[in-house]
Amino acid sequence: MNSDKEEDCECAPAQAETSPEGIPYRDYEEPEIENPEASRMKRAAAKHLIERYYHQLTEGCGNELCSNSWCASSVGFNRMDNNAAAVKALELYKGNAKLCDPHPSKKGTASAYLESSTHSNSACSNRKLKQDFHSVRDNFKDINYLTEDKVYEILDICGKKEDYSPLIRVIGRVFSSAEGLVQSFRRSKPHTKEELKSLQGKDEDKDEDEKEAAATSSSAMEEDSPSSSSRLGESSSGENDVQKLAPDEVSVDIEAVRRVYDRLLSNEKIEAAFLNALVYLSPNVECDLTYHNVYSRDPNYLNLFVIVMENSNLHSPEYLEIALPQFCKAMSKLPLAAQAKLARLWSHYSAKQIRRMVETFQQLITYKVISNEFNSRNLVNDDDAVVAATKCLKIVYYANVLGGDLDMEHNEEEDDEPIPESSELTLQELLGEERRNKKGPRVDPLETELGIRTNDCRRPLIPFEEFVNEPLNEVLEMDKDYTFFKVETENKFSFMTCPFILNAVTKNLGLYYDNRIRMYSERRITVLYSLVQGQQLNPYLRLKVRRDHIIDDALVRLEMIAMENPADLKKQLYVEFEGEQGVDEGGVSKEFFQLVVEEIFNPDIGMFTYDERTKLFWFNPSSFENEGQYTLIGIVLGLAIYNNCILDVHFPMVVYRKLMGKKGTFRDLADANPVLYQSLKELLEYEGSVEEDMMITFQISQTDLFGNPLMYDLRENGDKIPVTNENRKEFVAQYADYMVNKSVEKQFKAFRRGFHMVTNESPLKYLFRPEEIELLICGSRKLDFLALEETTEYDGGYNRDSRIIKEFWETLHSFGEEQKRLFLQFTTGTDRAPVGGLGKLKMIIAKNGPDTDRLPTSHTCFNVLLLPEYSSKEKLRERLLKAITYAKGFGML
């Protein structure tokens with residue numbers, strides 16, 4: 001309808017407007033991808049109608065006798081604020097509600113909104129009819145995007161008049177419009193030789209761009225207009241700029257944006273304009289990215305995310321309720337290529353800037369977690385805001401990795417021979433289906449897009465621990481989350497796909513579920529196989545060993561299994577000590593691993609060397625043992641993880657890095673061989689003449705198991721090549737490579753092969769970093785017995801206030817470090833704390849009768865201590881010390 005031709009206030013359905021193709025805008029739902037211009041015009045018309053509804057709700061049509069219940073001029077209309085009016089305008093548009101024509105008394109002020117973009121000149125002339133106090137505002141109505149200079153110009157004018165409302169309206173208009181924000185704060189292009197000749201031409205082009213942007217946005221909102229939708233991919237200065245940008249560059253001037261924010265955010269009223277604009281901007285952006293594929297049409301669309309994320313107040317409480325959750329939902333819809341570009345861009349940011357973004361998303365996640373009651377029925381996985389913020393945090397996480405200290409080159413080679421598969425049929429093959437576990441370990445798509453792995457980062461910009469959200473870990477139902485992780489459905493999000501946000505305890509629980517399900521699967525396959533083949537049922541990995549010959553018995557049996565049917569290694573371990581009555585519910589396995597490790601790492605065997613200074617073991621390069629023995633040790637290490645057992649193993653960190661696919665470098669010598677590391681470091685820093693003063697060559701010497709020197713040339717004819725100031729870096733790199741890689745290559749490859757026999761199908765690499773793998777295998781080295789006291793439960797008549805219990809804890813706290821470790825060994829089967837510390841250990845102290853001379857006993861499978869009610873504290877101490885000092889072997893109670 002044409003408001004200029006109607007003189008009376010009539011209420012009629014707003015259905016008359018149609019597209020150039022004759023299709024009513026109201027019926028239009030999907031964009032015509034083949035005709036972007038038609039799509040743009042349709043969206044502009046829809047926007048135009050919504051704006052009319054908005055002004056009808058906020059200003060009215062001007063007719064005091066208006067009968068439209070949704071017009072501010074009607075009798076009995078309840079006034080609403082701008083936010084509510086904007087939401088209601090959208091509802092009225094969707095419901096095809098009645099729309100008033102303006103009363104003649106209102107035409108002067110309303111015509112600017114009712115005219116389409118083709119009548120922008122007449123709209124501008126009508127605006128001149130306003131009163132003088134509107135004159136400043138009129139001067140900025142043609143501004144549809146911002147530059148740093150334009151912001152300062154408006155700011156100065158407003159400052160002189162002491163009225164910042166025009167600036168607030170400009171910010172509201174631009175920052176609520178995807179199109180306006182994408183065009184704002186464009187940076188100057190670096191001038192090439194060809195461009196230097198045409199600087200004037202560039203300025204003219206820029207003016208034309210500005211005119212075009214103004215023309216296409218002439219139907220923008222009036223003073224209080226809440227938002228405007230973006231024009232799909234139609235950036236006036238768009239795609240040609242992007243083609244010239246590097247993968248980690250955008251066309252927005254980030255430094256200019258930061259300066260503008262610094263100037264404006266100090267004003268509370270202006271700050272509110274940014275908040276309100278973001279509320280209106282985000283749903284439109286989410287729609288653009290979800291349904292209109294806008295980024296592929298105009299990669300400059302990414303600019304708006306860069307600009308918004310520079311707002312240092314995003315983590316403020318007022319953003320957490322609506323604005324930030326909506327923005328996160330929009331950002332989470334970015335395609336993979338856009339996420340990768342953001343990560344590359346942000347990787348150039350400082351640690352302070354990365355930390356600010358991390359805190360922004362973390363605060364939103366924490367706020368949503370503590371303000372909702374999540375449980376098994378109300379899963380945190382179903383909270384859109386938490387999920388979206390986690391996905392956004394992933395982009396910052398990889399920016400943190402990319403911006404850190406990277407080592408992309410030193411990667412371990414894959415095993416020459418594939419890990420042998422089971423000779424038995426799988427359950428799927430028995431049912432006539434294909435084997436399903438051939439797609440290899442899971443890899444994050446963003447990781448693939450960036451060509452980076454977390455393990456490539458030696459030191460990130462900020463510590464990885466800052467990405468962990470503890471409140472989220474506390475409410476996460478890991479059994480449900482693991483199910484979503486394995487099923488990989490689009491409508492259910494798993495936080496295991498973002499392992500950086502999970503702590504080691506939570507990830508360990510996820511790994512536990514994966515291992516147990518795999519064990520049950522192997523058990524079912526075995527049962528079905530035995531039924532089909534008629535063979536004896538063997539659902540467990542059974543090891544029957546003698547204590548005095550534990551290495552021979554265990555390793556021989558494991559070697560046979562590894563050769564005949566490696567899939568049996570993924571069955572649940574069941575250990576039986578010959579001549580003992582203990583039933584393995586976990587405790588017998590713990591002691592088995594403890595004894596095996598003690599024997600394997602005995603220096604007398606010669607498979608590993610022990611450094612007294614570092615208290616660490618390393619592979620013996622001159623060991624007489626064959627590769628099969630190292631393979632079996634790798635199997636033992638994998639079985640310990642698979643069966644949730646902690647080992648008393650002391651390797652340098654480089655071993656775990658190598659297990660995760662990274663070769664050792666000079667840096668790894670710092671903990672593997674600190675003396676050699678210090679010597680080589682001094683060589684690199686030496687200021688004199690290395691060749692004349694040190695007289696060393698590219699030939700090095702080592703001693704074998706018997707103390708005999710062994711010479712090794714780092715380069716061909718190394719004994720004739722002197723180390724100089726020019727080639728000393730090469731010497732150090734090759735020396736380190738020999739020590740941590742080449743000298744033990746044969747032994748380590750066999751060890752890694754055995755480890756992967758058990759863990760090759762596990763999400764171990766996906767979930768854990770090398771330092772977490774060490775924690776997983778070795779447990780925590782900190783023994784906090786106060787935390788253990790807090791979490792211990794009581795049974796059989798004891799409680800926290802019982803006399804014997806109080807005396808027990810006083811006695812235990814008085815023990816020395818070694819005695820405390822013996823107590824842990826006696827009660828739990830290992831002297832190490834589990835992942836997360838002793839507070840995560842579920843220990844139970846149960847009453848075992850009245851006062852007696854019997855010693856305390858324990859069920860190591862269940863971490864239960866059976867404690868008689870001794871008559872005195874002295875007797876308790878004496879009996880307990882004797883029990884933990886001389887405990888060995890298993891029996892039936």
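**Contacts of P868 and the pairing of strand 5**

Colleague: Leaving aside neighbours within four places in sequence, which residues is P868 in contact with?

Modeller: In this predicted model, P868 sits in the loop between strand 14 (864-867) and helix 39 (873-885). Once its neighbours within four places in sequence are left aside, the residues in contact with P868 are Y798, I804, N848, G849, P850, T852, R854 and P856.

Colleague: Is P868 buried or exposed, and what is its relative accessible area?

Modeller: A residue counts as buried when its relative accessible area is under 20%. P868 is therefore classed as buried, since its relative accessible area is 1%.

Colleague: How far apart in space, C-alpha to C-alpha, are P868 and K847?

Modeller: Along the sequence, P868 and K847 are separated by 21 residues. In space, however, the distance between them, taken from C-alpha to C-alpha, is 5.7 Å.

Colleague: Which side chains of strand 5 point to the buried face?

Modeller: The side chains alternate along strand 5 (residues 541-545), with R542 and K544 pointing to one face, where they are not buried. The side chains that point to the other face and are buried belong to L541, L543 and V545.

Colleague: Which residue in strand 6 is the bridge partner of K544?

Modeller: Strand 5 pairs with strand 6 (residues 573-577) in the parallel sense, over 5 bridges. Together with helix 25 (residues 550-564), these two strands make a right-handed β-α-β unit. Within strand 6, the bridge partner of K544 is E576.

Definitions and conventions. Residues numbered from 1 in each chain as written. Predicted model: local features only at pLDDT ≥ 70, side-chain atom pairs only at ≥ 80, totals over all residues. Heavy atoms only, no water. Buried < 20%, exposed > 50% of the residue type's maximum accessible area, 1.4 Å probe, protein only. Helix = DSSP H or I, 4+ residues; strand = E, 2+ residues; numbered from the N terminus. Pairing = 2+ DSSP bridges. Right-handed = clockwise from strand over helix to strand, strands pointing away. Contact = heavy atoms within 4.5 Å.
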